[in-house]
Amino acid sequence: MLKKNADWRMDYIWFEFWNGRKVSEKYFIKTFGCQMNVYDSSRIADMLKNEGYEETNKQAEADIVLFNTCHIREKAAEKLFSDLGRAKLVADERFEAGKHTIIGVLGCVVQAEDEQIIKRAPYVNFALGPLMYHKIPEVLRKIKADKEHESVVNTDFPAESKFDFLPENKAQGACSFLAIQEGCNNFCTYCVVPYTRGVEYSRPVADVIKEAKRLLDTGTLEINLLGQNVNSYHGEDESGKERDLAYLLHRVAELDGVKRIRYTTSYPADMSDDLIACHKDIDVLMPYLHLPIQSGSDRILKAMNRRHTSGDYLRIVEKLHKANPNIGMSSDFIVGFPGENDEDFQKTLDVVNQVKYIQAFSFKYSRRAGTPAAVMENQVEEKVKKERLEILQTLLFDYQTKFNKSCVGKVMPVLLEQKGRHKGQLIGRTPYMQNLHVETKSANMNKIVNVKIVEATTNSLTGEEI
Ligand code: SAH
Ligand code: SF4
Ligand code: F3S
């Protein structure tokens, strides 16, 4: 669909000449939301680099400014519009200096808001939904070819898979995300994801293996297989047979050079026994699992349309512990879902006390237009949501701190992936996803190094190289 864009007045400056050298156009990309968006942004960056653009982390330098957006909670979506307002000011300043800026919005807000984005921010040149970003080069060409262009909005759920149109990617560090599944058929009553990412789609096994090999060949040590509901993976193998995540994990684990595997995010009802057995059988599968429960109350889980009870969930956790006694659990929680009373909330706290999560994310329920829970009558007061969130987070942080402190004195393999704030310091991740700081030589960057934990706080560990 096309909309008139009033702000388009001048020809594009394709290349700047500086010191007689051709300087390519630059793009800036800001990413909101989940790991899938982080992965998508890296694929978008690959595409733009392939088209000759250079990345910049300074928005004022960018000829193309992109926002890859998230619609999961109200705050996440609102952030976009304040960022867009600022981007418009920067674009105006650049315009005064004779430079054009293309502003593009991508991701889940686009899918949800569609044309509304252009209504609220008419200076946006294009908006593409999360399944349409392979069209970016085409859209950019179109916009550049037509100075009086109209804003492009495309929120189709295409019949083709975007993955088939993306250029080959390389590792961007020692840890790489690899999307294997997208979309969700679960329709939890609070959640926008089935509407923004569409129905479940699983990439074929051969595609996943090809991408995994490429990532490993270019420096990846850890692969995190991603999906909105990753454990419902059902991709076709080379012979056309449908395969599950357990099968895929075994295939990825066989590849040369893979030192660590993770998968995110899982849905409790899809934790099959075969998948649980992988935590015993695959030694490179990290002893950490993010398995969201959302609430400990069966009444609330039912109203949320979750296909599991708290009992089912606890039984899965028990099986996982049997498969690997060292496994650490993580979860997502929502407090203040419509109808949640003190008793329901207490059941959530009970689950936390049983599972003793080593890390977790918790949110106040956010009403999302178009979802069934948004129109439920018994909405919980903001004040109550706030109180419950504080109580829950205090308890969760307490377990997280206890776990971190229990690591002091232990030696752990740490994948060092970032420079620290101080000279000679690197930051990495333990098998349990804890952040760890260590003084070590810079040559250890992107390597797995054995570190003795000497100090621990709620959010990070300090170690010494041994
Ligand atoms: N597919 C994943 C999670 C996707 S969204 C799963 O099912 O676990 C990430 C988290 O955001 C969810 O687990 C949930 O805790 C939270 N979330 C989703 N919708 C929300 C809403 N309307 N209000 C508050 N939190 C929400
Ligand atoms: Fe959303 Fe539920 Fe699907 Fe997770 S399983 S993405 S919370 S609908
Ligand atoms: Fe947000 Fe979309 Fe991910 S709504 S959490 S970016 S799937």
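## Close-up views of a predicted model

**Figure 1. Surroundings of ligand 3.** Ligand 3 has around it Cys34, Asn37, Thr69, Cys70, His71, Ile72, Cys108, Arg197 and Gln228. The structure shown here and in the other views is a predicted model. By class, this shell comprises 4 nonpolar, 4 polar and 1 charged residues. Cys34, one of the surrounding residues, has a relative accessible area of 40% and is therefore classed as partly exposed.

**Figure 2. Surroundings of ligand 2.** The residues that enclose ligand 2 are Cys184, Asn186, Phe187, Cys188, Tyr190, Cys191, Val193, Pro194, Tyr267 and Arg306. Their division by class is 8 nonpolar, 1 polar and 1 charged. Cys191 belongs to this shell and is counted as buried because its relative accessibility is 14%, under the 20% limit. A disulfide is a covalent bond between the sulfur atoms of two cysteines. With a cut-off of 2.5 Å between cysteine sulfur atoms, the model contains 0 disulfides.

**Figure 3. Asn186 in the shell of ligand 2.** Asn186 is one of the residues around ligand 2 and is located in the loop that runs between β11 (181-182) and α6 (193-196). With a relative accessible area of 8%, Asn186 is buried. When neighbours within four places in sequence are set aside, the residues in contact with Asn186 are Asn229, Tyr267, Asn305 and Arg307. Of these partners, Tyr267 also appears in the shell around ligand 2.

**Figure 4. Polar contacts and enclosure of ligand 1.** The shell around ligand 1 consists of 15 residues, and the closest of them are Gln228, Pro292, Gln294, Asp332 and Ser366. Sorted by class, the shell holds 6 nonpolar, 4 polar and 5 charged residues. Gln228 is also listed among the residues around ligand 3. The side chain of Arg73 places an N or O atom 3.1 Å from an oxygen atom of ligand 1. From Tyr190, a backbone N or O atom lies 3.0 Å from a nitrogen atom of the ligand. Asp332 has a polar side-chain atom 2.6 Å from an oxygen atom of ligand 1. The protein buries 89% of the 540 Å² that ligand 1 exposes when taken alone. Two or more residues of the shell come from each of the elements β16 (328-335) and β17 (359-364).

**Figure 5. Contacts of Ala253 in helix α8.** Ala253 lies in helix α8, which spans residues 245-253. The relative accessible area of Ala253 is 25%, so the residue is partly exposed. Beyond its neighbours within four places in sequence, Ala253 is in contact with Val258, Ile261, Ile282 and Val284. Ala253 and Ile282 are separated by 29 residues in sequence, while their C-alpha atoms are 7.1 Å apart in space.

**Figure 6. Backbone geometry at Thr265, Asn305 and Asn446.** The peptide bond that joins Thr264 and Thr265 is cis, with omega of about -10°. Thr265 sits in the loop between β14 (260-264) and α9 (273-281). Asn305, although not a glycine, has a positive phi of about 65°. The loop that holds Asn305 connects α10 (298-303) and α11 (310-323), and Asn305 is partly exposed at a relative accessible area of 35%. For Asn446, also a residue other than glycine, phi is positive and near 65°. Asn446 is placed in the loop between β20 (435-439) and β21 (448-456), and is partly exposed, with a relative accessible area of 33%.

Notes
Residues numbered from 1 in each chain as written. Chains lettered and ligands numbered in written order. Predicted model: local features only at pLDDT ≥ 70, side-chain atom pairs only at ≥ 80, totals over all residues. Heavy atoms only, no water. Near = heavy atom within 4 Å. Nonpolar A, V, L, I, M, F, W, Y, C, P; charged D, E, K, R; others polar. Buried < 20%, exposed > 50% of the residue type's maximum accessible area, 1.4 Å probe, protein only. Polar contact = N/O pair within 3.5 Å; in protein donor to acceptor, adjacent residues only side chain to side chain. Areas by Shrake-Rupley, 256 points an atom, 1.4 Å probe, with all protein chains shown as cover. Helix = DSSP H or I, 4+ residues; strand = E, 2+ residues; numbered from the N terminus. Contact = heavy atoms within 4.5 Å.
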